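Work through the exercises below with the sequence and the 3D structure open. Try each task before reading its solution.

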Amino acid sequence: MVSESLEETGRKGDLEQVVRVIELEEEADKKRVSQGEMPDPGPNPNPNTNLPRQLRKKWRDAVKASVSERVSRSLGHTEDIGGLAVLQELMVKDLVRLRDTLAPAYPREYEAFGLYVSCYHQEASACLSQAVSPNLNISQLFTCLDWAHNVYSREVLGHPELAAHVRRHQLGSLLPEDTLRSLEERSVSMVKVQSGEPASQDQLARLCSGPNPSHSTLCVLSSE
């Protein structure tokens with residue numbers, strides 16, 4: 001049911017049933033522990049990790065697997081760079097729907113929406129990491145950097161229907177700092193070689209006009 005819930009036909013009622021099953025089984029686990037039929041998890045068991053069957057952990061694993069499967073199926077054989085636009089559209093559509101119709105099926109302590117955001121963020125990080133290769137041309141480099149510094153922050157996490165509900169500080173960077181620095185250094189070298197080409201200057205201006213221009217060493221070139 002967790003996997004099917006991401007599809008357009010997914011229903012809140014199905015997830016409410018999942019929650020009921022988890023909580024009934026957790027109560028059964030506690031009873032078995034009290035009767036000595038299961039190992040005692042300790043004085044303050046964490047239902048996410050410490051109950052004998054770890055049902056909430058299994059639920060979290062199921063959410064992660066379902067998001068990964070949906071992203072993989074949606075991207076299909078799309079080329080890595082092209083996949084960024086596909087992923088952007090998918091994330092916004094899915095997360096808005098999750099926030100409005102599916103996440104309310106879970107009790108607050110499940111932090112369901114935050115879990116889904118984290119899983120999609122991990123998929124975005126993986127997609128962008130795959131898009132980065134030594135053979136990227138200057139246009140592709142700018143696309144990756146613009147997506148990492150500006151597009152993802154503005155169009156996905158900063159989407160008007162999502163921004164107030166996303167805890168950015170819990171997500172981390174899309175790419176490691178050393179990877180971003182390497183991309184910027186490669187781009188600087190290519191811009192210097194191709195500085196007379198209008199396309200390079202237009203792309204540079206777009207990259208530096210986003211919400212996080214100070215993150216990119218490339219932006220110093222826009223004023224030269």
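**Exercise 1.** Find the residues that Leu-95 contacts, leaving aside neighbours within four places in sequence.

Solution. Take contact as heavy atoms within 4.5 Å. Leu-95 is then in contact with Phe-113, Tyr-116, Val-117, Tyr-120 and Leu-162, once its neighbours within four places in sequence are left aside.

Before going on, note the ground rules. This is a predicted model, in which local features need pLDDT of at least 70 and side-chain atom pairs count only at pLDDT 80 or more, while totals for chains, interfaces and linings use all residues. Residues are numbered from 1 along each chain as its sequence is written, and side-chain values use heavy atoms, with hydrogens and water left out.

**Exercise 2.** Describe the largest nonpolar core and state which element gives the most to this core.

Solution. Start with the term: a nonpolar core is a set of buried Ala, Val, Leu, Ile, Met, Phe, Trp, Tyr and Cys residues joined through side-chain atoms within 4.5 Å. Buried means under 20% relative accessible area, exposed over 50%, and partly exposed in between (1.4 Å probe, protein chains only). The largest nonpolar core has 54 residues, and Trp-59, Leu-95, Tyr-116, Tyr-120 and Trp-147 touch the most other members. Next, list the elements that give two or more residues to this core: helices H1 (12-34), H2 (55-75), H3 (80-102), H4, H5 (138-157) and H6 (177-193). Helices here are DSSP runs (H or I, at least four residues), numbered from the N terminus. H4 gives the most to this core, with 11 residues.

**Exercise 3.** Decide whether Asp-94 and Ser-139 are buried, partly exposed or exposed.

Solution. Asp-94 is found in helix H3. Its relative accessible area is 4%, so Asp-94 is buried. Not counting residues up to four places away in sequence, Asp-94 touches Arg-70 and Tyr-120. Ser-139 is placed in helix H5. Its relative accessibility is 31%, so Ser-139 counts as partly exposed. The C-alpha atoms of Ser-139 and Ser-187 are separated by 9.3 Å, although the two residues are 48 residues apart along the chain.

**Exercise 4.** Which elements have the lowest and the highest mean pLDDT?

Solution. pLDDT is the predictor's confidence in each residue, from 0 to 100. For the protein chain the mean is 80, and 73% of its residues reach 70 or more. Among the elements, helix H7 (residues 198-208) has the lowest mean pLDDT (57) and H4 the highest (93). Where pLDDT is low, the predicted coordinates should not be read in detail.
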